[in-house]
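Hello,

Here is the structure we talked about passing on. Please have a look at it first; my notes follow below.

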Amino acid sequence: MNKYKGEILLIFSSVLFAITAVFVKLSSAYFNGIFITSVRFVIGIILTIVIMKLLKIKFVIENLKDWILRGVFGSVAMVCFYLSISITSSGRAIMLCDTYPMFVALFGFIFFREKIFLNNIISLLFCLVGIVFIFYDRGTYNIIGDVLGLISGISSGMAIHYVRRSATNNHPSIVYLAACIIGLVFVPFSFSGKTDFNLISIILVITVGFFTFFAQYVMSFGYKYVTATKGSIIGYFQIPLTTFLSIIVLNETFRIKFIIGTVMIILGLLVNSFLKIKKINQNI
């Protein structure tokens, strides 16, 4: 029963993440991407502190260096992701950001002396080919948005390692706060772009903050009942769902090259998660 509970929670979190991406795009009609991200960070801090108070969790940070680096890479990933959505399409942004598993494996091998398997290399090749197809499917979308989406994936790949390291001696709420608190450095830049305040725009941007927080919270509970591999596979559900919502709700268009690129990246992510093929010798 617990297994199905975890799967249901992770599917629900994927739905929340996909809806959040749509709300980010809708909010970008009124606000610049950095402002939207800043609101998300502020709401994340407020809600996390409320929960910590209710659960009587003390704000104590262990492994300060890892906690800070988790915050740096996590906040950069989020800012780039929201900027990518605002500049390009939510479907393209989520597709490029979700290449992060291949960067987790790559950075683990290069910087953290972790094992790397042949399937990680195959995954990397599939994803790289997919990224090339998406980048060449320009259409009406700005390449800067695609670059930011990819940077988000790269930053997320590094952030995952510091999430793991920081979570060793810190409560998950403390780990989550790192990106929100350090992300506040972007607040001074949030008013340098478009800011159109009205009732609709305020509701939209606040909704982004709440949906992001609850998506993260539901996901953290889901992972208590399933393996990391199975959880990551279920998490890939947000890719086609976000693309579907982008087409239905936002009237975004995707050409054949994007579809081919999407298929290649999903194949690469599945290879990375399902297969474990011969370890590659590490000589660094």
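**Aromatic rings**

Y176, F210, F213, F214 and Y217 are joined into a cluster by ring pairs. Please keep in mind that this is a predicted model.

Searching the whole structure turns up 14 aromatic pairs. One of them is F31 with F35, a stacked pair. Their ring centres are 4.5 Å apart, and the planes meet at 20°. F31 and F35 are both buried.

F103 and F107 make another stacked pair. Here the centres lie 6.0 Å apart, with 25° between the planes. Both angles fall under the 30 degrees that counts as stacked. F103 and F107 sit 4 residues apart in helix α5 (residues 100-111), so about one helical turn separates them. Are these two rings buried or exposed? F103 has 9% relative accessibility, so it counts as buried. F107 is buried as well, because its relative accessible area is 13%.

**Cysteines**

How many disulfides does the structure hold? The count is 0. C80 is in no disulfide. Its nearest cysteine sulfur belongs to C97 and is 9.4 Å away. A disulfide would need the two sulfur atoms within 2.5 Å. C80 is buried, because its relative accessibility is 9%.

Why does C180 not form a bond with C97? The closest cysteine sulfur to that of C180 is in C97, and it is 15 Å away, so it is too far for a bond. C180 has 0% relative accessibility and therefore counts as buried.

**Positive phi**

Two asparagines deserve a look in the backbone.

N63 is not a glycine, yet its phi is positive, at about 55°. You will find N63 in the loop between α2 (33-55) and α3 (64-87). N63 counts as partly exposed, because its relative accessibility is 33%. The cut-offs that matter here are under 20% for buried and over 50% for exposed.

N251 also has a positive phi of about 55°, and N251 is not a glycine either. Which loop holds N251? It is the loop between α11 (238-250) and α12 (256-274). At 62% relative accessibility, N251 is over the 50% cut-off, so it counts as exposed.

**Where to start**

I would open the view on the cluster of Y176, F210, F213, F214 and Y217. Then go to the stacked pair F31 and F35, and on to F103 and F107 in α5. The loops with N63 and N251 can come last.

Best wishes

Note on methods:
Residues are numbered from 1 along each chain as its sequence is written. This is a predicted model: local features need pLDDT of at least 70, side-chain atom pairs count only at pLDDT 80 or more; totals for chains, interfaces and linings use all residues. Side-chain values use heavy atoms; hydrogens and water are left out. Helices (H or I, at least four residues) and strands (E, at least two) are DSSP runs, numbered from the N terminus. Buried means under 20% relative accessible area, exposed over 50%, partly exposed in between (1.4 Å probe, protein chains only). Rings of Phe, Tyr and Trp (its six-membered ring) pair if their centres lie within 6.5 Å; planes under 30 degrees apart count as stacked, over 60 as edge-to-face and the rest as tilted.
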